[in-house]
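Thank you all for making the time this morning. I would like to walk you through a structure that is new to most of us, and I will try to go slowly enough that you can follow along on the screen.

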Amino acid sequence: MDRPHITRRRARIGGGLFLLLLSALAAEGAGPPRVLILHSHGREFAPFNILSSTFRTELARQSSEPLEFYEASMEAARYEETAMDLPLADYLQAMFAQRQPDLILTTAEPSSLFMARHRSRLFPSTPLVGVVNQRMVPAMAGTTNATIIPIHVELAVLLENILEVLPATTNVIMVLGKSPFELYWTEQCRREFAPFASRVAVSYVNELTLDQICARVARLPPRSAVLYGMLAMDAAGVPYEQERALRILHAAANAPLFGVLEHHLGNGIVGGRLISMEALGREAARVGLRLLRRETPADVRPTRPSQPAYDWRELRRWDISEAGLPAGREVRFRVPTFWEEYKWQLIAIHALCLLEGLLIFLLWRNRRRLRRLQGALCQSEERLSLATTSAKVGIWSWNVASGAIEATPEAKDIFGWGASERMTLPMFLARLHPDDRTAVQQALDRALQDQTIHEIQCRIVRPDGQTRWIAARGRAHSRDGAPVNMLGVLLDVTEREQAQAEAQRQQAELAHTSRVSTMGELAASITHELNQPLGAILSNTEAAEMFLGQNPPALAELRDILADIRKDDERASEVICRMRSLFRKRQMELRPIDLNSVVQAVVRMVSGDAALRKTTIAAALSPRLPPVQGDRVHLQQVLLNLIMNAMEAMAGQAPETRRLTVHTRLDDQGAVEVAVSDCGPGIEPNQLGRLFEPFSTTKANGMGMGLAISRRIIEAHHGRLTAANQAGGGALFRLILPVAEEERES
Amino acid sequence: MNPAQPTVFVVDDDTSFLTAIARLLKAGGYAFQGFASATEFLAHPPGDQPGCIIVDLHMPGPSGLDLQDALAAVDHPLPLIFLTGHGDIPTSVHAIKQGAEDFLTKPVKGKILFAAIERALARDARQRAQRTRRRELLDRFDALTSREREVLGHVVRGQLNKQIAGNLDVSERTIKAHRASIMAKLQVQSVAELVRLTEKAGVLEQGAGGRQALQGEAPGHAVPGRAQDALPPR
């Protein structure tokens, strides 16, 4: 590229100022190395301000000795190209009259070209580092003692940046201002964008004020983009420093903004491959440092546009997917999502919440379960209470050590204690009927021995003098082998006892009635049995009277007669005795008795009747029969009933087949059995089931109570009465009674 | 045993009572023979001697009624007195219907017992005399020839000699001779007497015409209707 005369003009502008400075500095002697930074457009002119400040900072940092920095500006953007050359050169010459600078940095073309133009005058021995647009590098060729760091600006890349991200873009607004520098670049752009003309229409805004530009970019059609080069000065001549214009445009634009320089990123552009002024500054500092040390400057490392970098916020704003971005990209200004920023906190909080929730759930569930349990408990308690109250069952608990008795109101009520009164064992014992006290005490002692349920029935005397029957059931609980407490229930069974007594009385009455009626059936044979001796007595008496009338009286005969009379009298009285007990009305009393003797008595009793009925009764009695707990009269009644029934059953058959046997034996279970078997027709199978039901009879004039009562009697003896048919014909009744307790124990 | 002296046979299983009654009867002047059961009595039945039987109704083995039946079966003539400790009405009625002399219950007063025995003995004597008379009568009829019996049958039906002669296809004279022989053998003087005696003997079978039979060798029983009115053919 040829040297543009714009640069020459600028160099001439700074000349006078430079001489002024030079004279002021001439008075100073040797000191720290001097570094002159010669700005093209002013110290704060973007983007070169970044370059120069980076250079200055880096150089100062890396230098082993303190450095003295001098800065001067050509203000090339504001003045004609070489207008200030001479004053500036004079100024600089004056500034460094006493001592020349040790290093000169020129940023951008105007100052670089200025130095090239005036090198012979301006410190040719001082090394110069010039950072220039690579297009101007040839213009710098031949400059004495100068190291050129080119700025590679590839304009096509700028459009590519846009198309890479938004391939559909057809319309690009290229933002460059009205300053000569910008106009230069506008020219460059027009030329280098030409190959894209078919794809993208690029329009320029050099002739617009910022407001106009803003208005324009605010109403862009779809598929538009704004490419911000720079806006140092708009058409109205208003300067904008430090990328202020970029921020204004960013606020106004309805299309994405793209830029050129790295530091545009973050100020509203989407991004792309950008030129880094910092990198240039660092490279300039590296080169400068070597020159300060009088070392041969190494090869300048080319600073190429950076790896593509993007502003995350803009990507978001224009809804550009990161996936479509070129490889090796860097996305900056990523605003971390709330999640990314507070990931661990969030995890912790969530975990905490979860934990807490879980805890709450567990507590809630526990509470619900507790409530349900409470409800169930309440209900159960209510039920128990209802049950105990309505059944008048008292519940008690006796603390063995203290003797205290805890009892429900029902239990206390049974004893006639107040509900709030405290109960103790001595109090309980004092309430007992004197006759029962010992038995209860013994029962309690027994209950404490084991852990089984014990039951006792006893009488208590209430404070009002009433005697009540109570039944108590309880079980002792022990700890370490020693009884601790006893828990049980209590029931007033007076009515039950009375009812039982009444039932017993009625049963006895019924049994007696039945007995008497059975005896009625025996009346004929009894009469016969009685009249036999009575007849003998009368005949003997009359014979005796007649013998007495004889002369001499037959005394020997009379003596025999008297003996016979006595004998017959005894016989009659024996018959009466035998019968009398059966006619007597009495309660059942169980005492050990010999069943054989019962059988014998009954067989004797019915022998007359049996003769009358031509029935043979055989008794096969086991000689060694333990006594049973029984009531003689009642057992006789049962046997009588069975034998009479058997005889009646056989009445319709031939006399020689009317055989009846009564067996006694000790069975395998250690119980005593009496079996009455006959040779009659047996029991009809359909009768077998309800034989023992009341009013079940097969007799023409029977009441049907005999067997029912017999069974009741045997059950009261804790025995069994069963009926069956024998294999060989005839009925078999078995009467099984337990052996008397005392006997079993011995 | 003196056949003329009536004997009281007592059947009772109760030995004590048997002894007592024996004493009483002895004191009353009766001949006595005791049996412990009906079986024993039937094993040694008394011969044809006067007397009566006192039997207990209820005994082990055959009862008093069984004994009565057994005796009736062999036409034993001795009258029977039941003496029992307990007798119900149906049993007593049955016993009396079967010809028992009396039905007494123990204890029985001597006077009543003796009266019953006397009645029984009297009856026995009466029956005995009756039996003797009847046997004599039957002996007379036995003397008749079969022709005479035939003629007698016609005579008692009131036929005249001429009618009889016609029926039998003999002469009237022959009939007259038969009638005279019959009158002589039966020791009667008139036809009326002959008819009465024939009826009394009951030897003619009514309507069958001349077939008569005696009641075997044993004396006929006094029960009416029991004797068979047929004479054995000679």
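I will begin with the confidence of the model, then go through chain B and the place where the chains touch, and end with two parts of chain A.

Please keep in mind from the start that this is a predicted model, and that its scores are ipTM 0.71 and pTM 0.45. For chain B the mean pLDDT is 80, with 85% of the residues reaching 70 or more. Within that chain, the confidence is highest in strand β1(B), at 93, and lowest in strand β7 of chain B, residues 230–231, where the mean is 39. Over residues 206–234 of chain B the pLDDT stays under 50, although the model has 45 contacts there beyond four places in sequence. Where pLDDT is low, the predicted coordinates should not be read in detail.

Let me turn to chain B as a whole, which has 234 residues, 35% of them buried, and whose secondary structure comes to nine helices and seven strands. If we take the contacts in chain B with a separation of 6 or more, 61% of them are between residues 24 or more positions apart.

Strand β1 of chain B, residues 7–11, is a good place to look first, and five of its five residues are buried. Which of them point one way, and which the other? B:Thr7, B:Phe9 and B:Val11 point one way from the strand, while B:Val8 and B:Val10 point the other way. In a regular strand the side chains alternate between the two faces of the sheet.

This strand, β1(B), pairs in the parallel sense with β2(B), residues 31–35, over five bridges, and within β2(B) the bridge partner of B:Val10 is B:Gly34. Between β1(B) and β2(B) the chain passes through α1(B), and this β-α-β crossover is right-handed. Strand β3 of chain B, residues 51–55, also runs parallel to β1(B) and is joined to it by five bridges, with B:Val11 standing opposite B:Val55.

Now to the place where the chains meet, where 20 residues of chain B are in contact with 25 residues of chain A. Helix α1 of chain B, residues 15–27, gives the most to chain B's side of this, with eight residues. By class, that side of chain B has nine nonpolar, seven polar and four charged residues.

Chain A has 746 residues, of which 40% are buried, and its secondary structure comes to 24 helices and 25 strands.

In helix α10 of chain A, residues 244–252, the buried residues are A:Ala245, A:Leu246 and A:Leu249. Seen down the axis of α10(A), these buried residues fall within an arc of 100 degrees, so they line one face of the helix. What do they pack against? Their partners are β6, α9, β8 and β9 of chain A.

The last part is an open sheet of six strands in chain A, which pair antiparallel in the order β15-β14-β13-β18-β17-β16. Strands β15 and β16 of chain A stand at the edges with a single partner strand each, so one side of each is left without a neighbour in the sheet. The pairing of β16(A) with β17(A), residues 467–479, is antiparallel and extends over nine bridges, and A:Glu455 stands opposite A:Arg473 in β17(A).

Terms used: Residues are numbered from 1 along each chain as its sequence is written. Chains are lettered from A and ligands numbered from 1 in the order in which they are written. Two residues are in contact if their C-beta atoms, placed from the backbone, lie within 7 Å. Helices (H or I, at least four residues) and strands (E, at least two) are DSSP runs, numbered from the N terminus. Ala, Val, Leu, Ile, Met, Phe, Trp, Tyr, Cys and Pro count as nonpolar, Asp, Glu, Lys and Arg as charged, and the others, Gly among them, as polar. A residue is buried if 20 or more other C-beta atoms lie within 10 Å of its own, exposed if 12 or fewer, and partly exposed in between; C-beta atoms are placed from the backbone. Two strands pair if DSSP finds at least two bridges between them. A crossover is right-handed if, with the strands pointing away from the viewer, the path from the first strand over the helix to the second runs clockwise. pLDDT is the predictor's confidence in each residue, from 0 to 100. The arc is that of the directions from the helix axis to the C-beta atoms.
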